[in-house]
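Visitor: Please take me through one part of this model in close detail. I would like the sheet in the second domain of the first chain, and then its surroundings.

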Amino acid sequence: MNGEVVKSLIIPAHPHPVLCPEKNEGWQRVRDAFDDARRQIEESDADLIIIYSTLWPSVIGHQIQADPNPEWVMVDADFHDLGSIHYSLRIDSEFAKSWNEANIARGLESRTVAYDGFPIDVGSVVALKLLNPYNRIPAVICSTNVYSNRAETTILAKSCMDVIKAQGRKAVAVSVMSLSNRMFTEEIKPEEDRIHSLKDDEWNRKILEFLSEGRLEDVSQLSRTIHDQIRVKKVVAFKPMWWLSAMNANRNDLTGSVLAYEPIHGAGAAVVVLDPESNGTGDKEYDEDDVEYYGGDRDVLDSSSKVINNESNNAGPDLFDPVEGENAVNSEKAPKPVGAYPHARREGDLIYLSGVGPRQPGDNSIPGGPIKDSDGNMLDYDIKAQTRAVVDNIARILEEAGSSLDKVIDVTSFLVDMDRDFQGYNEVWADTLGQVGPTRTTLAIRALPTPIAVEMKVIARA
Amino acid sequence: MAKGEIVAGCLAPHPPHLVYAENPQQNEPVSEGGWEQLRWGYERLRKSLEDVDYDVIVILSPHWQTYIGTHFVGVEKCSSKSVDPVFPNLFRFNYDLDIDVELAQAIHDKAEENGMAVKMMKNPDFRVDYGTLVSCHMVRPEWDKPIVSISSNRSLSYYSVEVMQEMMLELGRSTAKAIEESGKKCLLIASNSLSHRHFVTETNPPEDMSKEHITSHAMHLWDMRMIELMREGKSQQIIDEMPEFCEQAIAETDGGAFTWLLSAMGVPNEPAILHGYGTIIGTGNAIMEWPVRNWSA
């Protein structure tokens, strides 16, 4: 399947464009921009709206709304005098569940919520009221974890993309956020509204200049600076650009359009649309760690039955430095071998890889978890996460050899539990190497040297 | 008309786990208990207040967060369901409560006279925040007293702890003056935890007490220091140390409720009674009572 993000949006969270756009010309322009963005979504082939809302904080990892039809009346904590917003939303609960599972597979703490009366946050209500007023397109809403930083936020997007690709969805990714978020701390008349300070305004305009040039990853990499400069510290980091950029493969050559930029009670409110078409200015080097799995401070209660990325549980044979023989190809970005052999060997126009598993270079951890603990007790594990990690390791070795995944011509796969794992393995294959089209043989075997469930033997063109 | 008075001030933390563990009929989830040390602390507080005559509960909760001044609920009857957006698995609470709008308006007016940004909340669709509901339920589960619900102005986010405290000290003085002029007997509640660093994972079941503890030794030291100062009646020192406490313990006192409470009681030198201390998902929580009714004028 070829799922993708067909459009990305940055929109403000305040209720004014819904409840009283007529009270201020700028608020009306924001409302008009929302309407323009809605038309653009309707004219696209989007079949899903994904909202990352900075107005829904969470503590226990990330939460994803899974109630198929949340209904209630929303009243803003500050602007309650502007009125109430009745909402009845159409949520893609199956996508929400799949995203949650993908988060867990990548090591994140995550859960779905589906409770009558759950208070959908003002930002999400405003977004869906204005961008999807008739619920024509199903939506999914995700919280912002108050403690999460860049790695978790980036992985949150990658797991979302896993599901989009697996399901072949055409998604609109929406970050609900203010730019500068400093509001006036006293009541003002609508006609007196302006950006709170010249400094905030200058930063906002610089951010919008970048976005209008499609330089989303530039803004993402400025997130910590932006947080320091123009964000009231309501959460521990300014995260929505990390998420949105990762939803766009950290690209910096999108086609951007700023539909509106106005103050709402002093905060910077912008409606921005980013299309995936390259604007032709060229991409940039991605200069931060490209994290794939979360292995941070998540198991503080020592209560998890599912061990993910836990090196101490990966009992197995000793590790070796790869052999530096004639025509050998070895990569520091690939896991160490469990014997005296190289990662790969070049012979003529062909590259022969030693068997590649999912272990991670450096910490030897196993994405998706090991299949058993050091006492030999079987554990639950995620075959999809393991298979993806195998493919990633293959790509790293091929890259070291000057080749790439699209030059793979033959693969022999080994599974330790064909009945349990073939389907998941096959799904990841279809999304990755299956797109390239090498020949393939899949064998069931009794065991592999480390507690992993899948290994691949690869031949590729140089 | 006799002068109104504050009969007691309470520090009454609001993690929804406490109501969840009590299994009241208003709450939908069902638990096997848990957090007994704190719930028994609330039991001791209720016992202490059992024979105390008062008319209204005045509460400031950090979970009604406002950025444009301090707000007061101005709707006489509030009835709805509150679902905690952070712990919806624990708290889905059906409530039906009365607001003392007259006293709320009086505090609002007094604060406005003293230069504060304030607003009455008159939207009938507004849902009362879960912090207010949890603290009020644990202090007075009969729900037979009207309340005054005051928002937490997040001035710390915009400025500093010092500015937050200046504003909350003024709000406390305005509250005390309005209560005195009202002729009513009031119980004051500051609804907040002390140290406020959460675990980011949850046990299964959530009430598995074998995993409950403070998140770090530093948090414990800060909590004990603050409790000791309360027990010694050193309110001014608490206020003086609040900036360090808020920063180093990520304390929920950053919402202003505790400073407001101390100010409304006149920054007392009298000791507080410790009814209980315990952790909830790693945060530190103390149940304290200042028995103002027993102090000589």
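Guide: What follows starts with the sheet and moves outward to the rest of the chain and its partner. Keep in mind that the model is predicted.

First, the setting. Chain A is divided into domain 1, residues 4–275, and domain 2, residues 311–461. The C-alpha centres of domain 1 and domain 2 of chain A lie 38 Å apart. The contact takes 4 residues from domain 1 and 6 residues from domain 2 of chain A. On the domain 1 side of that contact, 2 residues are nonpolar, 2 are charged and no residue is polar.

Now the sheet. In chain A, 6 strands form an open sheet. Their order is 11-12-13-16-14-15, and the pairing is mixed. The edges are strand 11 (328–329) and strand 15 (439–444) of chain A. Each of these edge strands pairs on one side only.

Take the strand 11 edge. Strand 11 of chain A runs antiparallel to strand 12 (residues 344–347) of chain A, and 2 bridges join them. One residue pair can be named here: A:V329 has A:A344 in strand 12 as its bridge partner.

Next, the helices on the sheet. Helix 10 (residues 383–400) of chain A packs on the sheet. It touches strand 11, strand 12, strand 13 (350–353) and strand 16 (454–461) of chain A. The direction of helix 10 makes about 30° with that of strand 16 of chain A. Helix 11 (residues 418–431) of chain A lies across strand 14 (408–415), strand 15 and strand 16 of chain A. Against strand 14 of chain A, helix 11 runs at about 150°. Strand 16 of chain A is thus touched by helix 10, and helix 11 lies across it as well.

Look just ahead of strand 11. A:N327 lies in the loop between strand 10 (267–275) and strand 11 of chain A. Its phi is near 65°, a positive value in a residue other than glycine. Most residues other than glycine have a negative phi. A:N327 counts as partly exposed, because 13 C-beta neighbours lie inside 10 Å and the buried class starts at 20.

A second asparagine makes a useful contrast. A:N250 also has a positive phi, near 55°. A:N250 sits in the loop between helix 9 and strand 9 (255–264) of chain A. A:N250 is buried, with 20 other C-beta atoms within 10 Å. Helix 9 of chain A is followed by A:A249, whose phi is positive too, near 55°.

That leads to helix 9 itself, in domain 1. Helix 9 (residues 240–247) of chain A has 8 of its 8 residues buried, so it is largely enclosed by the rest of the structure. Among them are A:P240, A:W242, A:W243 and A:M247. The buried residues of helix 9 pack against strand 1 (4–11), strand 2 and strand 8 (170–176) of chain A, and against helix 5 (150–167), helix 7 (216–221) and helix 8 (223–230) of chain A.

Step back to the whole chain. Chain A holds 11 helices and 16 strands. Its radius of gyration is 24 Å, which agrees with the value near 23 Å for a compact globule of 462 residues. The C-alpha atoms of chain A fill a box of roughly 75 × 45 × 40 Å along the principal axes. Of the 462 residues of chain A, 51% count as buried. Among contacts in chain A with a separation of 6 or more, 78% join residues 24 or more positions apart.

Last, the partner. In the interface, 35 residues of chain A are in contact with 29 residues of chain B. Strand 2 (residues 48–58) of chain A gives the most to the chain A side, with 3 residues. By class, that side has 17 nonpolar, 8 polar and 10 charged residues.

Chain B has a covered strand of its own. Strand 10 (residues 283–290) of chain B is mostly covered, with 8 of its 8 residues buried. B:T283, B:N285, B:I287 and B:E289 point one way, and B:G284, B:A286, B:M288 and B:W290 the other. Strand 9 (residues 273–280) of chain B pairs with strand 10 of chain B in the antiparallel sense over 7 bridges.

How values were computed: Residues are numbered from 1 along each chain as its sequence is written. Chains are lettered from A and ligands numbered from 1 in the order in which they are written. This is a predicted model: local features need pLDDT of at least 70, side-chain atom pairs count only at pLDDT 80 or more; totals for chains, interfaces and linings use all residues. Helices (H or I, at least four residues) and strands (E, at least two) are DSSP runs, numbered from the N terminus. The radius of gyration is taken over C-alpha atoms; the globule rule is 2.2 Å times the number of residues to the power 0.38. A residue is buried if 20 or more other C-beta atoms lie within 10 Å of its own, exposed if 12 or fewer, and partly exposed in between; C-beta atoms are placed from the backbone. Two residues are in contact if their C-beta atoms, placed from the backbone, lie within 7 Å. Ala, Val, Leu, Ile, Met, Phe, Trp, Tyr, Cys and Pro count as nonpolar, Asp, Glu, Lys and Arg as charged, and the others, Gly among them, as polar. Two strands pair if DSSP finds at least two bridges between them. Axes are lines fitted to C-alpha atoms, for helices over the stretch in contact, and angles run from 0 to 180 degrees between N-to-C directions. Domain bounds come from an automatic or database domain assignment.
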